[in-house]
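Student: Could we go through this one together? I'd like to see how the labels people use follow from the numbers.
Tutor: Sure, have a look first.
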Amino acid sequence: MAHIVILGAGTGGMPAAYELREKLSRDHRVTVVNAVDYFQFVPSNPWLAVGWREREAITFPIRAPLEKRGIAFVAQRVTRIDAPGNVVELQDGSSIAYDYLVITTGPKLSFDEVPGAGPEGHTQSICVVDHAEKAYAQYEHFLQDPGPAVIGAMPGASCFGPAYEFAFIFNTDLKRRKLRKKVPITYVTSEPYIGHLGLGGVGDSKTMLETEFRNNDIKWITNAKVTRVESDKMFVTELDDQGAVKKEHELPFKFSMMLPAFKGVDAVAAVEGLCNPRGFVLIDEHQRSKKYRNIFAAGVCVAIPPVEVTPVPTGAPKTGYMIETMVTAIVSNIVAELAGKPAEAKGTWNAICLADMGDTGAAFVALPQIPPRNVNWFKKGRWVHYAKVAFEKYFIYKMKTGSSEPAYEKHMLKLLGVERLERPSPEEV
Ligand SMILES: Cc1cc2nc3c(=O)[nH]c(=O)nc-3n(C[C@H](O)[C@H](O)[C@H](O)COP(=O)(O)OP(=O)(O)OC[C@H]3O[C@@H](n4cnc5c(N)ncnc54)[C@H](O)[C@@H]3O)c2cc1C
């Protein structure tokens with residue numbers, strides 16, 4: 001009998017728990033440990049920050065749905081992982097022993113890399129539901145006395161989609177309130193060009209997003225290194241393609257939302273030999289730690305090299321469906337190993353993303369997410385906005401009812417050529 005402990009109950013951890021429980025016999029135990037007792041649907045946070053959603057609509061308590069499926073749940077922050085001893089230590093001083101550990105702890109939000117940044121400083125965040133609520137409170141205040149806004153992503157950021165989404169949602173909301181004319185918006189990003197997305201672009205993302213920015217009077221600064229933020233001003237060094245200083249900017253603002261750089265969370269980053277210098281878990285192609293063979297990792301917490309060197313550092317994003325493919329590979333590998341078979345599954349890391357733009361949206365399919373790709377597709381249309389709303393409801397429903405990939409979803413995606421696990425190449429068969 002094995003005990004599998006999953007750290008983190010987010011986009012990666014919840015499906016991992018359900019999928020493991022479904023695939024393993026009841027002789028094996030599955031336990032989820034999460035810092036808070038609720039699930040939050042992170043992609044809806046940009047809506048929360050302008051008041052289009054309330055917290056209750058995108059969060060729900062997870063104990064009951066997990067326990068109903070026979071999964072134990074512990075609502076505690078993990079403070080230390082004793083990897084050689086196969087034990088995790090919790091905030092209340094207790095500990096849990098494991099045979100396999102699945103790490104899905106997401107990001108540590110590294111606001112401290114830019115003085116004055118973050119919700120404790122002068123820029124808002126939409127990375128977690130608490131921050132999005134705080135951003136909305138600040139936004140309501142801003143609506144009383146509107147002025148310039150700066151939205152974007154800090155040096156070293158890897159998650160750019162939500163920054164674009166928020167810029168367009170903010171723009172749409174202000175238009176609806178007839179206040180847009182009072183709010184000059186500047187999109188400030190470490191990306192080398194608009195639409196890079198940390199991915200070297202996807203299809204024609206550059207042209208399409210630039211066009212949307214122009215059509216909506218959103219100015220932009222790329223290769224932007226934000227160096228510090230004061231209560232009403234952002235200091236930005238713009239670099240050229242060679243990395244030399246092109247221009248220094250002082251941008252006044254009354255509202256700012258900037259995605260920070262990510263790191264690995266402290267308890268994970270501190271494990272000797274587990275992570276790279278930024279605290280992301282070093283894994284092999286089977287999602288397995290290179291040093292500790294009974295530790296697997298999926299989601300934002302894994303180390304992925306940037307797709308290319310950029311004048312201001314950028315990272316590669318880890319998107320939702322890509323994370324689910326990592327999870328499916330981990331589940332296959334643990335199940336195989338417990339059955340005495342080799343753990344050979346590899347996630348496809350395929351990406352399908354829906355980005356809301358307020359009243360329209362942009363979708364991309366990147367198979368796989370990291371270039372070069374077999375499929376590279378980026379389209380804009382009002383249907384994406386509705387598809388994103390539908391997806392929100394669908395994903396939350398799946399997480400409440402405990403199914404990770406229902407048969408119809410699997411079938412539909414297979415028809416589109418989107419699969420979670422890599423098929424063996426002809427030489428391997
Ligand atoms: C605002 C935003 C919007 C996004 N929108 C999209 C989108 O539309 N489409 C898309 O494909 N991708 C999107 N992403 C990217 C990605 O899908 C999400 O970041 C996703 O939530 C990452 O999943 P995860 O499981 O790695 O981490 P998370 O979902 O962040 O989950 C991590 C969990 O670990 C827990 N945890 C952390 N530390 C500890 C600890 N020490 N002990 C116990 N528990 C701990 C946290 O409480 C949390 O529950 C978005 C990202 C952001 C930030």
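Student: Which residue stands opposite V87 in β7?
Tutor: That's D82. Keep in mind that this is a predicted model.

Student: How do you know that β6 and β7 count as paired?
Tutor: Two strands pair if there are at least two bridges between them. Here 4 bridges join β6 to β7 (residues 87–90), so the pair passes, and the two strands run antiparallel.

Student: What makes β6 and β8 the edge strands?
Tutor: The open sheet has 3 strands in the order β6-β7-β8, with antiparallel pairing. β6 (78–82) and β8 (95–97) each pair on one side only. On average, neighbouring strands in this sheet are turned by 20° against each other, ignoring direction.

Student: Now the helices. Why is α6 called roughly parallel to α7?
Tutor: Helix α6 (residues 161–176) and helix α7 (residues 205–215) pack at an angle of about 25°, and their axes are 11 Å apart. Angles under 35 degrees count as roughly parallel, so α6 is roughly parallel to α7. The crossing of α6 past α7 is left-handed.

Student: Which residues meet where α6 and α7 touch?
Tutor: On the α6 side you have Y164, A167 and F168, and they meet L209, E212 and F213 in α7.

Student: How many residues of each class does that contact have?
Tutor: There are 5 nonpolar residues, no polar ones and 1 charged. Glu counts as charged, so E212 in α7 fits that last class.

Note on methods:
Residues numbered from 1 in each chain as written. Predicted model: local features only at pLDDT ≥ 70, side-chain atom pairs only at ≥ 80, totals over all residues. Heavy atoms only, no water. Axes fitted to C-alpha atoms, helices over the stretch in contact; angles between N-to-C directions. Parallel < 35°, antiparallel > 145°, perpendicular 65-115°, else oblique. Left-handed = near helix turned anticlockwise from the far one by under 90°. Contact = heavy atoms within 4.5 Å.
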